[in-house]
Amino acid sequence: MTLAYVALGSNLGDREGTLRGALEALAAEPGIEVLAVSRFIDTEPVGVVDQPRFLNGAAALETGLPARELLDRLLAVERRFGRRRDGVPSQGPRTLDLDLLLYGDAVIDEPGIRVPHPRLHERQFVLEPLAELDPALEVPGKGQVQEILARLH
């Protein structure tokens with residue numbers, strides 16, 4: 001079994017209801033157990049700033065799935081909650097965003113999947129929920145989450 005961390009985000013519709021529903025959907029997936037969930041934080045959008053505020057959080061998952069299959073399941077849950085990627089800027093508004101942040105201590109750089117998430121170390125709205133779940137969590141090649149977060153301030 002592998003310990004994986006997933007970022008949660010939503011800025012359209014019932015943000016909290018969507019995040020809670022997505023967590024329930026993930027917990028119902030074979031091969032995925034939701035171990036812990038951070039509190040949700042209200043955040044400013046990044047990149048495309050002319051859009052509603054986000055509700056963000058993170059979840060710790062235990063999984064027997066390979067990283068790519070876990071990512072495929074995350075994307076399928078996004079689609080079930082109305083996430084559309086066609087014709088929308090990558091940092092634009094979304095009903096649900098589930099990003100695979102960490103997959104054990106693996107470093108993966110293949111077409112369609114990069115772990116650790118390539119911008120994890122730059123995003124306070126991701127690091128704060130991760131630090132809440134495990135401040136000593138190690139991000140391969142970057143250090144401990146709490147140290148990365150301290151460098152952002």
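Two strands are taken as paired if DSSP finds at least two bridges between them. In this predicted model, strand 1 and strand 4 satisfy that criterion, pairing in the antiparallel sense over nine bridges. Within this pairing, the bridge partner of A4 in strand 4 is L61.

Strand 4 also pairs with two further elements. Strand 2, residues 32-37, runs antiparallel to strand 4 and is joined to it by five bridges; here E33 has E62 of strand 4 as its bridge partner. Strand 3, residues 41-43, is likewise antiparallel to strand 4, with three bridges between them, and T43 stands opposite F54 of strand 4. Strand 4 is mostly covered, with nine of its ten residues buried.

In soluble globular proteins, nonpolar side chains tend to be buried together. The largest nonpolar core of the model comprises 26 residues, and L8, L70, L98 and L100 have the most contacts inside it. Two or more residues are contributed to this core by each of strand 1 (2-10), helix 1 (15-28), strand 4 (54-63), helix 2 (67-80), strand 5 (97-103) and strand 7 (113-115). A second core, separate from this one, contains 16 residues, including Y5, A60, L102 and I148.

The surroundings of L70 were examined in more detail. When neighbours within four places in sequence are set aside, L70 is in contact with A4, I32, L61, T63, L65, L100 and Y103. Two of these residues, A4 and L61, are the bridge partners noted above for strand 1 and strand 4.

T18 is a residue of helix 1. Its relative accessibility is 12%, and T18 therefore counts as buried, the cut-off being under 20%. Apart from residues up to four places away in sequence, T18 touches S10, F81, T95 and L96.

Towards the later part of the chain, helix 3 (residues 124-133) and helix 4 (residues 145-152) form a helix pair whose axes come within 9 Å and cross at roughly 145°. The crossing of helix 3 past helix 4 is left-handed. On the helix 3 side, the contact is made by Q124, L127, E128, L130 and A131, and on the helix 4 side by V145, I148, L149 and L152. By class, the residues of this contact comprise seven nonpolar, one polar and one charged. I148, one of the helix 4 residues in the contact, is also among the residues of the second core.

Definitions and conventions:
Residues numbered from 1 in each chain as written. Predicted model: local features only at pLDDT ≥ 70, side-chain atom pairs only at ≥ 80, totals over all residues. Heavy atoms only, no water. Axes fitted to C-alpha atoms, helices over the stretch in contact; angles between N-to-C directions. Left-handed = near helix turned anticlockwise from the far one by under 90°. Contact = heavy atoms within 4.5 Å. Nonpolar A, V, L, I, M, F, W, Y, C, P; charged D, E, K, R; others polar. Core = buried A, V, L, I, M, F, W, Y, C linked by side-chain atoms within 4.5 Å. Buried < 20%, exposed > 50% of the residue type's maximum accessible area, 1.4 Å probe, protein only.
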